[in-house]
Amino acid sequence: LAAVEGGLTVIEVTLTTPGALDIIAELARIPGVTVGAGTVTTPEMARAAAKAGAVFALAPNVDAAVIDACHAVDVLAVPGAATPTEVLAAYQSANAHLVKLFPINLFGGLELVRALRGPLPDVPLLPTSGVTLDVLHEYLACDNVWAVGASKQILRDEYVQAADWAAVTRSAQEWARLAHKVVWEQPAAGAHGGGRVVE
């Protein structure tokens, strides 16, 4: 909730988190908050997440059965990919809504995003695991980036261990402020629906 208080209204709860479905259900009841599930690796998990109130499902891999299950329960399917072959397979063959680039820090970062823009300009991407505040504006300025994931950058281990929720709120405010600035000051970034930070 500290991230929501900081202005981030799109929240991912990984299903590896203890009590994840209950957390999703709680967040889904908050007006203005969009909540989804992460680490969705089976069709059963997709259905359970949807029942709890998730409206999107992120996965670390491409699994057509999971994507089909998401479609069946009207949940945005976001499989994970790390190569052009995987990205295209997820988007075209498996019919995903958008593709999570994961882990972006190990597969080229911004250079990968920019390289994919040429051959795959119509595939909306969600880079995660390695997007930092100092390069957020560069990611969001790419017209093939629909959103970025930044949970570990916002919900830092030291904040959680110290139960310093005020620090989480301040971090979320900083991310939300910069994302908003990119969208409004760079029309090209906002034109494709980008500028979202998924926490």
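Biologist: Let's start with charge: how far apart are the mean positions of the positive and negative charges of the protein chain?

Modeller: Happy to begin there, keeping in mind that this is a predicted model. The chain carries 12 positive and 20 negative charges. Taking the mean position of each set, the separation comes to 3 Å.

Biologist: How many helices and strands make up the secondary structure of the protein chain?

Modeller: Both kinds of element are present, and several of them will come up again below. The secondary structure of the chain comes to 11 helices and nine strands.

Biologist: And what is the radius of gyration of the protein chain, set against the globule rule?

Modeller: For 199 residues the globule rule gives 16 Å, and the chain comes close to that value, so it is as compact as a globular protein of that length. Along the principal axes, the C-alpha atoms fill a box of roughly 45 × 40 × 30 Å. The radius of gyration itself is 16 Å.

Biologist: What percentage of the 199 residues in the protein chain is buried?

Modeller: Two other totals give some context here. The chain exposes about 9400 Å², with carbon and sulfur atoms supplying 55% of that area. Among contacts with a separation of 6 or more, 52% join residues 24 or more positions apart. As for the buried share of the residues, it is 45%.

Biologist: Now the cysteines: is Cys70 buried or exposed?

Modeller: The cut-off for burial is under 20% relative accessible area. Cys70 has 2% relative accessibility, so Cys70 counts as buried.

Biologist: What is the relative accessible area of Cys142, and how many disulfides does the count give?

Modeller: A disulfide is a covalent bond between the sulfur atoms of two cysteines. Cys142 is buried, with a relative accessible area of 3%. The rule used here asks for a pair of cysteine sulfur atoms within 2.5 Å. By that rule, the number of disulfides is zero.

Biologist: Which residues is Gln153 in contact with, leaving aside its neighbours within four places in sequence?

Modeller: Gln153 sits in helix α8, which covers residues 151–154. With a relative accessible area of 22%, Gln153 is partly exposed. Its C-alpha lies 29 Å from that of Arg47, a residue 106 positions away along the chain. Beyond its sequence neighbours, Gln153 is in contact with Val131, Thr132, Ser171 and Trp175.

Biologist: Where does Ser171 lie, and which residues does Ser171 touch, not counting those up to four places away in sequence?

Modeller: Ser171 belongs to helix α10, residues 165–185. Its relative accessibility is 8%, so Ser171 counts as buried. Outside that sequence window, Ser171 touches Gln153, Ile154 and Tyr159.

Biologist: Which two residues does a cis peptide bond join?

Modeller: Most residues other than glycine have a negative phi, and most peptide bonds are trans. The cis bond has an omega of about -10 degrees. One of its two partners, Pro103, is placed in the loop between β6 (99–101) and α6 (109–117). The pair it joins is Phe102 and Pro103.

Biologist: What is the phi of Asp74 near?

Modeller: Asp74 is in the loop between α4 (64–72) and β4 (76–78). Its relative accessible area is 70%, so Asp74 is exposed. Asp74 is a residue other than glycine with a positive phi, near 60 degrees.

Biologist: And what is the phi of Asn95 near?

Modeller: Asn95 also belongs to a loop, the one between α5 (84–93) and β6. At 48% relative accessibility, Asn95 counts as partly exposed. Its phi is positive, near 65 degrees.

Biologist: How far apart are the C-alpha atoms of Glu12 and Val182?

Modeller: Glu12 is part of strand β1, residues 10–14. Its 18% relative accessibility falls under the 20% cut-off, so Glu12 counts as buried. Along the chain, Glu12 and Val182 are 170 residues apart. In space, their C-alpha atoms are separated by 22 Å.

Biologist: One more: which residues does Asn61 touch, not counting residues up to four places away in sequence?

Modeller: Asn61 is found in the loop between β3 (56–58) and α4, and at 30% relative accessibility Asn61 counts as partly exposed. Thr85 lies 24 residues from Asn61 in sequence, with 12 Å between their C-alpha atoms. Setting the sequence neighbours aside, Asn61 touches Thr41, Pro79 and Gly80.

Notes. Residues are numbered from 1 along each chain as its sequence is written. This is a predicted model: local features need pLDDT of at least 70, side-chain atom pairs count only at pLDDT 80 or more; totals for chains, interfaces and linings use all residues. Side-chain values use heavy atoms; hydrogens and water are left out. Helices (H or I, at least four residues) and strands (E, at least two) are DSSP runs, numbered from the N terminus. The radius of gyration is taken over C-alpha atoms; the globule rule is 2.2 Å times the number of residues to the power 0.38. Buried means under 20% relative accessible area, exposed over 50%, partly exposed in between (1.4 Å probe, protein chains only). Contact means heavy atoms within 4.5 Å. Accessible areas come from the Shrake-Rupley method with a 1.4 Å probe; for residues, only the protein chains shown count as cover. Lys and Arg count as positive and Asp and Glu as negative; His and the chain ends are not counted. The place of a charge is taken as NZ of Lys, CZ of Arg, CG of Asp or CD of Glu.
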